[in-house]
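The following exercises are to be worked through with the sequence and the three-dimensional structure at hand. Each task is followed by a solution in steps.

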Amino acid sequence: MSIKPLLRRLAALLLCLLTLIPYALAVEDPNIRAKCTILADPETGQVFYERNADERAFPASTTKIMTALLVLKYCELDETETCLEEDKSTLEPGSTLAGIKTDETMTIHDLLYCLLLPSGNEAANMLARHVGGTVENFVWMMNEQAAILGCTGTHFANPHGLHDDNHYTTARDLYLIAAEAMQNETFAEIVRTAIKTLQETNLQKERQVLSTNQLILRRADPWYYKNCKGIKTGTTSAAGACLVSAAEENGGMLISVVLGCNKDDYTGGVRPNFTETKRLFEWGFGNFETQTLMKPDLTVATVDVTLSTETDKVSVKTVDGLTAVVPKDLDVDNLNLTYDLPETVQAPISAGEKMGTVTISYAGVTYGTVDLVALNDVSMSNVLYYKDKLDHFFQSSVFRLTVFVLIVFFAFCVALRAIHTRRREARRRAMLRSRGSRNGRRERDDDWR
């Protein structure tokens with residue numbers, strides 16, 4: 001074997017090992033049965049597990065996470081939209097629908113449930129038209145939003161995820177999109193709902209829609225996962241079985257993405273996108289746990305104070321705490337704390353005024369930054385204030401320039417005075433010489449007479 005292929009293999013092996021560093025190389029690889037996988041903490045952005053996370057893949061209906069994200073960004077929930085025939089006729093036969101009838105008018109709120117629970121493709125087209133004016137314009141908005149979120153391997157071609165060779169993403173990009181969406185309370189509420197009763201419309205009475213996410217649907221199922229908080233399934237022949245999901249335990253949340261599972265594999269009674277996601281979450285929470293890395297209102301440092309007669313130091317405290325999902329063997333006492341504080345501050349200082357920050361890290365992983373504020377008020381001394389102003393003035397370049405100008409001016413005046421004195425003395429001597437000459441001539445004239 002030549003040296004270059006060997007080096008490439010070694011580099012690939014090292015990259016695989018680094019997916020578990022710096023957490024713990026002893027943590028067993030869960031060997032998730034999916035083409036592309038990622039598990040990460042949306043609070044800190046830390047990745048706990050990944051495999052082929054940046055490889056291009058088809059997202060299927062997990063696309064609808066982005067669709068919902070844009071709808072919630074630009075719409076009010078009580079707005080309405082009417083289903084057009086084109087919303088359904090442009091879909092491929094046999095694609096998933098939410099049972100919306102042509103000319104039926106629904107609220108955006110209920111359309112979002114139709115989009116995210118039964119994965120209605122006609123609902124996706126309706127929402128896209130409502131927000132973008134046309135589906136095409138909405139797709140452009142999807143790609144713009146993906147770029148804003150930092151997605152580098154994503155291109156959308158439609159709002160629903162039906163197969164298109166030019167419609168693709170990566171596990172990492174889907175994680176970024178899901179993490180953003182889960183910050184919206186309405187989105188988070190919808191995707192964790194198993195069954196929803198829709199309002200009566202102009203064409204249908206109240207009816208129920210069910211989630212396609214088997215992890216939250218029926219408690220009696222062996223694959224049900226009590227910690228699961230949604231989010232969205234997706235399945236096509238080209239994409240395989242996919243699932244973007246979130247789970248919460250002890251206050252800490254993880255988001256997982258599995259793409260490209262075998263959609264025809266029903267081992268255990270359900271597709272592997274559900275069983276593998278549950279197993280990935282159990283692996284994550286089994287090896288990592290939520291810990292409080294920094295408590296709120298904790299006095300952590302002092303900063304020197306000037307211009308005050310009350311005190312020469314002010315204490316600073318944390319504003320908020322920091323909680324993160326970290327390796328279970330992490331020792332909080334060994335955290336690295338990096339302070340960004342000034343050496344001195346000037347009074348007056350108000351309690352709660354921001355003084356700086358502290359960044360918390362461990363084994364090369366940064367978990368977050370917490371703001372530091374003044375613990376108490378510190379008043380300013382007027383005497384010290386004006387003294388300081390004078391001191392600064394005397395040390396300033398303005399003062400130095402002024403002194404320099406005055407010295408030059410004084411020297412100029414002295415030189416000018418000296419010149420003037422010399423000239424006056426010269427005139428006086430000349431006058432004396434002239435007067436002496438005249439007196440001498442008079443004396444000679446008298447002698448001649």
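## Exercises with worked solutions

At 3% relative accessibility, Cys-261 counts as buried. The model in which this residue sits is predicted.

**Exercise 1. Determine how many disulfides the structure holds, and account for the result at Cys-36 and Cys-261.**

Step 1. Recall the bond in question. A disulfide is a covalent bond between the sulfur atoms of two cysteines.

Step 2. Fix the criterion: the two sulfur atoms must lie within 2.5 Å.

Step 3. Apply the criterion to Cys-36. The closest cysteine sulfur belongs to Cys-242, at 8.8 Å, and is therefore too far away for a bond.

Step 4. Apply the criterion to Cys-261. Here the closest cysteine sulfur is again that of Cys-242, at 7.1 Å, which is also too far for a bond.

Step 5. Consider the surroundings. Cys-36 is buried, its relative accessible area being 0%, and Cys-261 is buried at 3%.

Result. The search of the whole structure gives 0 disulfides.

**Exercise 2. Describe the sheet that contains β9, strand by strand.**

Step 1. Establish the order. The sheet is open and has 5 strands, arranged β2-β1-β9-β8-β7 with antiparallel pairing.

Step 2. Identify the edges. β2 and β7 (228-236) each pair on one side only.

Step 3. State the twist. On average, neighbouring strands of this sheet are turned by 5° against each other, direction ignored.

Step 4. Examine the pairing of β9 with β1. Strand β1 (residues 36-40) runs antiparallel to β9, with 5 bridges between them; Ala-40 has Ile-255 of β9 as its bridge partner.

Step 5. Examine the pairing of β9 with β8. Strand β8 (residues 240-249) is antiparallel to β9 over 8 bridges, and Ala-241 is opposite Cys-261 in β9. The hairpin of β8 and β9 has 2 residues between its strands, and Asn-250 takes a positive phi near 55° there.

Step 6. Assess the cover of β9. Of the 10 residues in strand β9 (residues 252-261), 8 are buried.

Result. β9 stands between β1 and β8 in the order of the sheet, and the strand is mostly covered.

**Exercise 3. Give the strand order and the edges of the open sheet of 6 strands.**

Step 1. Read off the order: β14-β16-β17-β12-β11-β15, with mixed pairing.

Step 2. Locate the edge strands. They are β14 (336-340) and β15 (344-346), each of which pairs on one side only.

Step 3. Add the twist, which averages 35° from one strand to the next.

Step 4. Inspect one pair. Strands β16 (residues 354-362) and β17 (residues 365-374) run antiparallel and are joined by 8 bridges; Gly-356 is opposite Leu-372 in β17.

**Exercise 4. Compare Thr-62 and Thr-267: in which loop does each lie, and is each buried or exposed?**

Step 1. Place the residues. Thr-62 belongs to the loop between β2 (47-51) and α2 (64-74). Thr-267 is in the loop between β9 and α10 (272-287).

Step 2. Classify them. With a relative accessible area of 0%, Thr-62 is buried, whereas Thr-267, at 55% relative accessibility, counts as exposed.

Step 3. Find the polar contacts. The side chain of Thr-62 reaches the backbone oxygen of Pro-59 at 2.5 Å. For Thr-267, a polar contact of 2.5 Å links its side chain to that of Asp-265.

Step 4. List neighbours of Thr-62 beyond four places in sequence. Among them are Leu-174, Lys-232, Thr-233, Cys-242 and Val-244.

**Exercise 5. Which residues touch the most other members of the largest nonpolar core, and what surrounds Ile-231?**

Step 1. Name the residues. In this core of 63 residues they are Met-66, Ile-100, Leu-112, Phe-187 and Ile-231.

Step 2. Trace the contacts of Ile-231. Residues up to four places away in sequence being set aside, its contacts include Ile-65, Ala-178, Met-182, Phe-187 and Val-191. Val-244, Ser-245 and Ala-246 are also touched by Ile-231.

Step 3. Look for another core. A second, separate core has 25 residues, including Leu-307, Val-314, Ala-324 and Val-358.

Step 4. Set the cores against the whole. The protein has 449 residues, of which 45% are buried. Among contacts between residues at least 6 apart in sequence, 64% join residues at least 24 apart.

Conventions
Residues numbered from 1 in each chain as written. Predicted model: local features only at pLDDT ≥ 70, side-chain atom pairs only at ≥ 80, totals over all residues. Heavy atoms only, no water. Buried < 20%, exposed > 50% of the residue type's maximum accessible area, 1.4 Å probe, protein only. Helix = DSSP H or I, 4+ residues; strand = E, 2+ residues; numbered from the N terminus. Pairing = 2+ DSSP bridges. Axes fitted to C-alpha atoms, helices over the stretch in contact; angles between N-to-C directions. Core = buried A, V, L, I, M, F, W, Y, C linked by side-chain atoms within 4.5 Å. Contact = heavy atoms within 4.5 Å. Polar contact = N/O pair within 3.5 Å; in protein donor to acceptor, adjacent residues only side chain to side chain.
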